[in-house]
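Ready for a walk through a protein model? Keep your viewer open, and at each stop make the selection suggested before reading on.

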Amino acid sequence: MCIRFNKTKLLANFRDHAEIKSGFLQYKLIKDLRSNPPDVDSLPFIKRKQYEDEGEFRIIYQNDSKALSTKDFNIDLHCIEHIVLSPWLPKSTSKTTKQIIRNIEGCASIRLSRTGVVENSEWKNIVDKLNRHD
């Protein structure tokens, strides 16, 4: 499942929490990190260069307390733009899942879909051709 959020609304949801940090990740080569190590505060926003295509944006909770292992936040459902269900989910289960989500208070207008990437005929043809060459 993939949940796509409206970034502006989601960040507004956390504006009163000073412990929340957010930002786009920086993608670095290990050799560059060896020669120019990052500071500790930037570590949650660094990932290896090979993941650069992800273009990831993170929202994290930073607290100096060593005792805290988790922190819960309420997220306004209006922050959710789209929910994409897995292509591996059977169609009947997908239909039921969509009905369940739509019946949750505040979720009736959320866009829901099941990706059909593995059912796309052109995609299947390409995969079949590749399999025949093995």
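Begin by selecting strand β6, residues 80-85. Of its 6 residues, 5 are buried, so β6 is largely enclosed by the rest of the structure. Keep in mind throughout the tour that you are looking at a predicted model.

**Stop 1: the sheet around β6**

Now add β1 (2-5) and β7 (111-114) to your selection. Together with β6 they form an open sheet of 3 strands, in the order β1-β6-β7, with mixed pairing. β1 and β7 are the edge strands, each pairing on one side only. Turn the view a little and look for the twist, which averages 15° from one strand to the next.

What makes the pairing mixed? Look at the two sides of β6 in turn. With β1, the pairing is antiparallel, over 4 bridges. With β7, the strands run parallel, again joined by 4 bridges.

You can also check how individual residues line up. Select Ile3 and you will find it opposite Ile83 in β6. Arg4 stands opposite His82, also in β6. On the other side, pick Leu85 and look across to Arg114 in β7. As you compare side chains, remember a general rule: in a regular strand they alternate between the two faces of the sheet.

**Stop 2: the helix across the sheet**

Next, show helix α3, residues 91-103. This helix lies across β6 and β7, and its direction makes an angle of about 170° with β7.

Within α3, select Arg102. Is Arg102 buried, exposed or something in between? Its relative accessibility is 36%, so it counts as partly exposed. Leaving out neighbours within four places in sequence, Arg102 is in contact with Cys107, Ala108, Ile110 and Leu112. Try drawing a distance between the C-alpha atoms of Arg102 and Leu112: they are 8.8 Å apart in space, while the two residues are 10 apart in sequence.

**Stop 3: the nonpolar core**

Stay with Leu112 for a moment. Not counting residues up to four places away in sequence, Leu112 touches His82, Ile83, Lys98, Ile101 and Arg102.

Which residues make up the largest nonpolar core? Select Ile80, Ile83, Leu85, Ile101, Cys107, Ile110 and Leu112, and you have its 7 residues on screen. Strand β6 gives the most to this core, with 3 residues.

**Stop 4: two cysteines**

From the core, keep Cys107 and add Cys79. Both are buried: Cys79 has a relative accessible area of 2%, and Cys107 has one of 5%.

Why is there no bond between them? A disulfide is a covalent bond between the sulfur atoms of two cysteines. The sulfur of Cys79 is 12 Å from that of Cys107, the closest cysteine sulfur, which is too far for a bond. Cys107 is likewise in no disulfide. In fact, a search of the whole structure finds 0 disulfides.

**Stop 5: charged partners**

Now colour the charged side chains and look for salt bridges; the count comes to 4. Select Lys47 and Glu56 to see one of them, with the closest N and O atoms 2.7 Å apart. Glu56 also meets Arg58 in a salt bridge, at 2.6 Å from N to O. Salt bridges that share partners join Lys47, Glu54, Glu56 and Arg58 into one network. Arg58 counts as partly exposed, at 24% relative accessibility.

Another pair to show is Glu52 and Lys49, whose side chains meet at 3.1 Å, N to O. Glu52 counts as partly exposed at 39% relative accessibility, and Lys49 also counts as partly exposed, at 35%.

**Stop 6: a last look after α4**

Finally, select His133, in the segment after α4 (121-132). Is His133 buried or exposed? With a relative accessible area of 69%, His133 is exposed. Now keep His133 selected and bring back Glu56 from the charged network. Along the chain, His133 and Glu56 are 77 residues apart, and their C-alpha atoms are separated by 35 Å.

Definitions and conventions:
Residues numbered from 1 in each chain as written. Predicted model: local features only at pLDDT ≥ 70, side-chain atom pairs only at ≥ 80, totals over all residues. Heavy atoms only, no water. Core = buried A, V, L, I, M, F, W, Y, C linked by side-chain atoms within 4.5 Å. Buried < 20%, exposed > 50% of the residue type's maximum accessible area, 1.4 Å probe, protein only. Contact = heavy atoms within 4.5 Å. Pairing = 2+ DSSP bridges. Axes fitted to C-alpha atoms, helices over the stretch in contact; angles between N-to-C directions. Disulfide = S-S within 2.5 Å.
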